[in-house]
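Colleague: I have a structure here and would like to understand the words people use to describe it. Could you walk me through the reasoning?

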Amino acid sequence: MRQVYQVLELPKEHLRRLQESNQLDAEFEIEKFQEEFAGYKRNYFEQPIRSVLDVVRDQQRKNYLVILGDPGSGKSTLLQYLALDWVEKTLEENDFNLPIPLLIELRHYMRDRDAGSCNNFLQFYHNSPNCFYHLNQHKLHEQLKAGNALVMFDSLDEIFESAKREEVITSIHRFTNEYPDVQVIVTSRIIGYKQQQLRDAEFRHFMLQDLEPAQIQDFIERWHDKTFSQAEERDKNIKRERLQRVINESKAIAELAQNPLLLTMMAILNLKRELPRDRSELYKDASEVLLHNWDEGRNLKPDERLDIIDYKDKQAMLRQVAYQMQTSEKGLAGNFIYADDLEAIFTKYLQSIPVSDARDKARRLMKQLRDRNFI
């Protein structure tokens, strides 16, 4: 990953539209912005690419990090890896004094805070229902005062209300003031992220990079070795070579393969049939995995009241949602949709099938998408 000193997310086309509609100050010059943007971009690419583990394990006093990346780039997986790595090292070395990793999924924290189950991060770990394991907050306080912890705040971007996101950022800042010797990592998508507050709190910012060809090939080798048994050696080689061939022959697919989540999707889809060379067809196939097979693979209990809605219905509804968001005149705000509008789209579609209790099923489907697919 590369260190980044300025996070910019506003495309020049959007800036031009704002200027033409008189939503920018008269003295604002797009050319000036473009010049500054080019300078930031130049500075960014001059930064050396460093191993994410080297950056995390950097032994400086205040190793506060914000790790930014696109959806599916591996931000959450990285934090989970760090937690599992602590378990393995603790058992291998029989050393229970290694800095303890504390992983806080911020969407769970905010859900419990809004429900009144906790008021701060220590209370969340003490007894909140969405915390996977509980730790006594007084003993945890002692551990944090000693600096013997790695605290990881995952998915700041999944707090969608800007006011609540600001509150969480302020809470993280206070946390670092109270426990200055604790290493802290925050992850977020790039879109919607505002850097100044955490930069003021001495956080360094890094951007996860796309997978390089050698890394893609290494992933494909390792994934197939883990997926197939020794008795399936021939089938493994056929599937592995078929996937690598599609990536080599299609520029569009090769670009998508640079994203770890999409590359994993490709490997799963390739087990049953050859991948399409067209980007839109690949997205269509990937959506089937997410909407149809995902819960089965994670052994999640289905909602029997939604059995009548198959993945094709879900695809049709999400197409309508995507259309409404993409054709919105709100510019970047089109990345958001009000709950009432989403419910109306789902309800109208379900009434057209038709199904009974369409509105109730629409609400259950919305909850399922939030809880299971993190939409």
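What follows is a conversation about how some descriptions of this predicted model are reached.

Colleague: How do you know which parts of the protein chain the predictor is confident about?

Modeller: I look at pLDDT, which runs from 0 to 100. The protein chain averages 84, and 85% of the residues score at least 70. Confidence is highest in strand S5 (residues 183-188), at a mean of 96, and lowest in helix H1 (residues 12-20), at 50. Over residues 10-15 the pLDDT is below 50, and this stretch has 12 contacts in the model beyond near neighbours in sequence.

Colleague: Let's turn to the helices. Why are H10 and H11 called roughly parallel or roughly antiparallel?

Modeller: The axes of helix H10 (residues 213-227) and helix H11 (residues 233-249) cross at roughly 155° and come within 10 Å. Angles over 145 degrees count as roughly antiparallel, so that is the term for H10 and H11. Their crossing is right-handed.

Colleague: Which residues make that contact, and what classes do they belong to?

Modeller: On the H10 side they are Ile216, Gln217, Ile220, Glu221, His224 and Asp225, and H11 contributes Lys236, Lys239, Arg240, Leu243, Gln244 and Ile247. By class, the contact of H10 with H11 has five charged, four nonpolar and three polar residues.

Colleague: What makes H11 oblique to H13?

Modeller: The axes of H11 and helix H13 (residues 260-270) cross at roughly 130°, coming within 10 Å. Roughly perpendicular covers 65 to 115 degrees and roughly antiparallel starts over 145. The angle of roughly 130° therefore makes H11 oblique to H13. This crossing is right-handed too. In H11, Lys239, Arg242, Leu243 and Ile247 meet Leu263, Met266, Ala267 and Asn270 of H13. The residues divide into five nonpolar, one polar and two charged.

Colleague: And how do you know what to call the pair H10 and H13?

Modeller: Here the axes come within 11 Å and cross at roughly 45°. Roughly parallel needs an angle under 35 degrees, and roughly perpendicular begins at 65, so H10 and H13 are oblique to each other. Their crossing is right-handed. Ile216, Phe219, Trp223 and His224 of H10 touch Leu263, Thr264, Ala267, Ile268 and Asn270 of H13. The contact of H10 with H13 has six nonpolar and three polar residues, with no charged ones.

Colleague: Now the sheet. What makes S1 and S3 edge strands?

Modeller: The open sheet has six strands in the order S1-S6-S2-S5-S4-S3, with mixed pairing. Strand S1 (2-3) and strand S3 (100-105) each pair on one side only, and they are the edge strands.

Colleague: How do you know that S1 pairs with S6?

Modeller: Pairing requires at least two bridges, and S1 and strand S6 (residues 204-207) have two, in the antiparallel sense. Arg2 has Met207 in S6 as its bridge partner. Helix H4 (residues 75-93) packs on the sheet, where it touches strand S2 (64-68), S3, strand S4 (149-154) and S5, and its direction makes about 155° with that of S4.

Colleague: Are there backbone details worth a look? Which peptide bond is cis?

Modeller: The one from Ile353 to Pro354, with omega near -5°. Pro354 sits in the loop between helix H16 (339-352) and helix H17 (358-373).

Colleague: What phi does Glu202 have, and where is it found?

Modeller: Its phi is positive, about 75°, although Glu202 is not a glycine. Glu202 lies in the loop between helix H9 (196-200) and S6.

Methods
Residues numbered from 1 in each chain as written. Predicted model: local features only at pLDDT ≥ 70, side-chain atom pairs only at ≥ 80, totals over all residues. Heavy atoms only, no water. pLDDT = per-residue confidence, 0-100. Helix = DSSP H or I, 4+ residues; strand = E, 2+ residues; numbered from the N terminus. Contact = heavy atoms within 4.5 Å. Axes fitted to C-alpha atoms, helices over the stretch in contact; angles between N-to-C directions. Left-handed = near helix turned anticlockwise from the far one by under 90°. Nonpolar A, V, L, I, M, F, W, Y, C, P; charged D, E, K, R; others polar.
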